[in-house]
Amino acid sequence: MSSRQRLRAWIAAPVLALFAAILGWGFARAPAFGDFHGAYGDLLNRIAVPQRHTSNVVTAIVFDYRGFDTMGEEFILFASVVGVVLLLRAVREPATGQDDPVASDAIRLFGIIMVAVILVFGLWLAAFGLVTPGGGFQGGVAIAGGIVLVFLASGYRAWRTFGRERLLDPFEGLGAASYAAVGLAALIAGAPFLHNLLGLGVAGTLRSGGSMTLLNWAVAVEVAAANLVLYTEFLESYLVPHLPRR
Amino acid sequence: MSWALPLPVVVPLIAAAVLVATGAILPRRVQDAIGIAAAATATGFALLILAASERHDVLHWFGGWHPHAGLALGISFTADPLGAGMAALACGLDLLVLVYSWTYMRRQSQTFDVLILALGGAMAGFALTGDIFNMFVWFELMGVSAYALAGFMVEELGPLQGAINFAVTNTVGAYMVLMGIALLYARTDALNLAQIGRVLGHRPADRLVIVAFALIVTGLMVRAAIVPFHFWLADAHAASPAPVCALLSGAMVELGIFFIARVYWTAFAAPLHAHASGVRDVLVGLGVATALIGALMCLLQRQLKRLLAYSTISQAGTMLAGIALLDPRSLAGVANLVLAHGLLKGGLFLLCGVILVELRHIDELRVYGAGRRLPWAGVLWLLGTLGLVGLPPLGVFLAQQLLYEGGREHGFGWLAVVGAVASGVCAGAMLRAGARIFLGWGAREDELLSPEPDEHAPERDVSGRPLGIVAGIAIVLGLAASVVPGIEARTELAAERFADTSAYRAAVLHGAAHGDAAAHVSFSLLGVDTASALYGLGALAIAAATAAFGLWHRRLPPRILSAGARTLGPPVTVIRLAHSGIVGDYLLWLSGGALAVAAIWALTL
Amino acid sequence: MTILVYAVVAWVFAIGIYGAIVSRNLIHLALCLTVTQSSTYILLLAIGYKHGAGAPIFEDVKLGTAAVDPVVQSLTLTDVVVSVTVIALILALALDVHRQSDSIDPDEISTLNR
């Protein structure tokens, strides 16, 4: 550790200790833990199910009451993936003739079975987001995870079938675009942006939520594609150049 | 007009997503054209919104969730003239940058367009939103796209390091903002600014509100590049492509300042009413420090983008000081400053790109005299510089005049002197660099200037002329900003509405018309106040003296030089060394600054 | 209990920034930022918590049953995504820095760049 770094540590400790103390001093006037009765949240807990026919109030907030935040959040994910692609793809050496075959048949068999299991789980998680805990974000991550398992179970070659820029980029763009397009459709129809045009459906079933179902799936596609692009870029930039040559 | 409010945000974002989705199918020029069309559409709608908002505030409740018995259920965009004006400026600069990049960007142009569109949409959303968490979302989208753009030149270490410093410091700032938002939610059960303001207005601020205020303002000051949170800005600008600098300096930094004003007036003005002078003193102090330190660092640079970046920091300090006066007239001054400075500085950064393309370096000593064959670029550089001095009646003059009048009312008349010195010194540095490059005046070597990594452009068959036209458009618009008929009366009216918290609340929560539909729209010409004109001329004199010193200081008698070096040398060296480029140092400054702001307010408010 | 929760928030926030300040490795620095961000999750969720209340999901419980605040949960969800994206960008930058300079120590990189 250089003397500069040591000096920094010595100054930082008291500065941050005092800063934490001021934070704590302010927090002391926050509502007592477990005793919060927010008018906004309580109201939504009461009205969301009758108004929106979704039994998961958090999802109703994410995709409807505050659905515009979620659009911004989608685009944060989108922009950061574009940024990572810019940073990594531009300076990457092409990987040729490399593979990392998985030697054990047991791992391969178990892995492939798990790919199917996790994909089904991810789809289920995304589909039932309006009813039970879950939704497009959670499901999208699980779907991406299932596909990444292909790499772990059967090596780089098999993975390249899915982990291709030309395959993933369009999905990433479409996921983000379709969320905004659903919102815009309402605007074109003369309603406010992101207004629900598709009716309410039956609470507690997959047919609940109207436009929210579309937004939910747009998010699932975007999140799955974005995560896969991230995995692909980091794999190609870091792991692949270090794979053993055949 | 309510239906148009989402469009300046949504159109660029959809276009960005479509560009990625069609990346493999559409040729580059078609993609560029889509990007330009989207930015032009966004700019058009932003201007329409601006025109409509001059009569009364325009609201859009997303999803159609209108307030339920005065309780906001969803997210609103609330456009008043200042917010809509910010959005129009951001969209307009976004458009200019995309047009410029048609020829400027050689590789990765698709990625570049996508990130510029995302940045533009985020800036518009940030300017228009009336919801504090929604603000955080756009704050982060601005950040994420800008971090990636700052690292655009991935083959070099400098840009990567600049992008890291930018990303890390601004991320910590964003966490502070978010923590402040959480505290406000704990107190008010609300995220809508009008509603937060209504609940907080019931009683004077206690500790929780003070800490929340300090956290939010500090986080925004990181984005606004206020001393001691400013270090990232020069690193990020030195490293970014010139058109990206134009957007960061011309709009993004100013948005940080804008939201400090927005959040103060909508949410904190009432609970902090009794302590307004405590708030004012701290923010004026930081603003003055920023203006002066920015000017000093500007003087020491030879890399043009770094030089202009420090001038932006200096101007941001003036803007913060203007906001801090907490008075509508000064606010109108800041609004005019943001407009004129955004266009002028944007144009000057675009001109840096022209210099890079034509002369292949942007270090003033390296391209010494080489600019003689580009007289038109030299003229634009001079015009941009004069606009930033505040010479009556051009460029930032109107802004300086309003700030001077506002300051005098609150006993801060001396702020005008600080402003004249800061803008004079910055302009002097710019004149010096221009004289070296375009005229070949002065010494070829200058040991006073910081040696910084130069940016080197490979030989290319691009002409600087079309690029120069885009830069020229921005500079001419910026020069004319003060003399638009009626702009003074209109911005003052807009600022009064901006600061009228109760009318804002009634408009947002109860749908009352905020603003005077019958307000007589004035087209009066700018009246030049003698004192302000003198300050402008004084700044020009300081600029000329600074430039002359920079060019010919070796001709001064050695006795004077060594005496000057003994007295001024040590403090200048200390300030220079503080700008170390090390992210750990920057975070330490950031924490120390945050601690100081929070502690002072905790003790005094 | 109240003091404990908020003390944890302040502690996690400060220790994350401390780690970032003294960090000698960009990857470590990125992880320190996630630590700092975690404090905002804790704060948001702690604010919305209610003793004895369930999740704000009314699938098998009757409407009107006490449930914790759903708004802070949706804010946390957004917060999580924001955190992931920023970290991904910083890690990508770190990878590129390593490729250019064979170092990921921020202090060292800045001297190389002078």
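## A tour from chain C to the contact of chains A and B

Begin by selecting chain C, where, among contacts between residues at least 6 apart in sequence, 49% join residues at least 24 apart. The model is a predicted one, and what follows should be viewed with that in mind.

With chain C still selected, colour by secondary structure: four helices and zero strands appear, and from the N terminus on the elements run α-α-α-α. Turn the C-alpha trace of chain C along its principal axes, and the spans come to about 65 × 30 × 15 Å. The radius of gyration of chain C is 19 Å, whereas a compact globule of 114 residues would have one near 13 Å. Of those 114 residues, 57% nevertheless count as buried.

Next, select C:Leu89 and show its surroundings; leaving aside neighbours within four places in sequence, C:Leu89 is in contact with A:Ser80, A:Gly83 and A:Val84, and also with B:Val144, B:Tyr147, B:Ala148 and B:Ala167.

From there, widen the selection to the largest nonpolar core, which has 382 residues, and in which C:Leu89, B:Ala17, B:Ala118, B:Met123, B:Leu320 and B:Leu350 touch the most other members. Because domain 1 (1-130) and domain 2 (153-512 + 522-565) of chain B both give residues to this core, it lies between them.

Finally, select the contact of chains A and B, which takes 57 residues from chain A and 60 residues from chain B. On the side of chain B that touches chain A, the elements that each supply at least two residues include α1 (7-21), β1 (58-61), α6 (157-188) and α22 (583-604). Coloured by class, that side of chain B has 40 nonpolar, 14 polar and six charged residues.

Terms used. Residues are numbered from 1 along each chain as its sequence is written. Chains are lettered from A and ligands numbered from 1 in the order in which they are written. This is a predicted model: local features need pLDDT of at least 70, side-chain atom pairs count only at pLDDT 80 or more; totals for chains, interfaces and linings use all residues. Two residues are in contact if their C-beta atoms, placed from the backbone, lie within 7 Å. Ala, Val, Leu, Ile, Met, Phe, Trp, Tyr, Cys and Pro count as nonpolar, Asp, Glu, Lys and Arg as charged, and the others, Gly among them, as polar. A nonpolar core is a set of buried Ala, Val, Leu, Ile, Met, Phe, Trp, Tyr and Cys residues joined through C-beta atoms within 7 Å. A residue is buried if 20 or more other C-beta atoms lie within 10 Å of its own, exposed if 12 or fewer, and partly exposed in between; C-beta atoms are placed from the backbone. Domain bounds come from an automatic or database domain assignment. The radius of gyration is taken over C-alpha atoms; the globule rule is 2.2 Å times the number of residues to the power 0.38.
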